[in-house]
Amino acid sequence: MQQVPEGSIGIFFVIEFLDNCDVVDVSSAVTKQIVWTKPDGTKVTNVASFRTTGTDGQIQYLTLLASELTPIGIWKVYGRVTMPGNDWFTIPQQFEVIDL
């Protein structure tokens, strides 16, 4: 499991959209989000950007504030994009916010 120090600034969260192991071209997405679920169940939705052009299926979010990655514990993260005709979600992944 990936570990991230509590209060980290400048951490890129990169999410890749796949369909049966094939990259999904998300370049037409009108909404790009990376959603965190904190250890207490609170959800935080972050506006994401394309890592490149979206044709690689990747979006990203960069932490800018020390208050974003707190409290310590097991978190979940997934991506969501809205494209004409459908929404795509990734499978949630876990990561751990740790104390240094």
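Student: Are Trp36 and Trp75 buried or exposed?

Tutor: Both Trp36 and Trp75 are buried in this predicted model.

Student: What makes Trp36 and Trp75 an edge-to-face pair?

Tutor: Let's take it in two steps. Ring centres must lie within 6.5 Å to pair, and those of Trp36 and Trp75 are 5.8 Å apart. Planes over 60 degrees apart count as edge-to-face; here the angle is 80°, so the pair earns that name. It is one of six aromatic pairs in the structure.

Student: Why is this pair said to link distant parts of the chain?

Tutor: Trp36 belongs to strand 5 (residues 31–37) and Trp75 to strand 9 (residues 73–83), with their positions 39 residues apart in the numbering. Both also join Phe13, Tyr61 and Phe95 in one aromatic cluster.

Student: Why does Gln58 count as buried?

Tutor: Buried means under 20% relative accessible area. Gln58 has 14%, so it counts as buried. You will find Gln58 in strand 8 (residues 58–62).

Student: What makes the link between the side chains of Gln58 and Arg51 a polar contact?

Tutor: Such a contact needs a pair of N or O atoms within 3.5 Å, one able to donate a hydrogen and the other to accept it. The side chains of Gln58 and Arg51 are joined by one of 3.0 Å. Gln58 also touches other residues, including Val14, Val26 and Phe50.

Student: How do you know that the charged end of Lys32 is placed over the ring of Phe50?

Tutor: The distance limit is 6 Å from the ring centre, and the charge must also be within 35 degrees of the ring normal. For Lys32 the distance to the centre of the Phe50 ring is 4.5 Å, and its charged end is listed as sitting over that ring.

Conventions: Residues are numbered from 1 along each chain as its sequence is written. This is a predicted model: local features need pLDDT of at least 70, side-chain atom pairs count only at pLDDT 80 or more; totals for chains, interfaces and linings use all residues. Side-chain values use heavy atoms; hydrogens and water are left out. Helices (H or I, at least four residues) and strands (E, at least two) are DSSP runs, numbered from the N terminus. Buried means under 20% relative accessible area, exposed over 50%, partly exposed in between (1.4 Å probe, protein chains only). Contact means heavy atoms within 4.5 Å. Rings of Phe, Tyr and Trp (its six-membered ring) pair if their centres lie within 6.5 Å; planes under 30 degrees apart count as stacked, over 60 as edge-to-face and the rest as tilted. Lists of a residue's contacts leave out its neighbours within four places in sequence.
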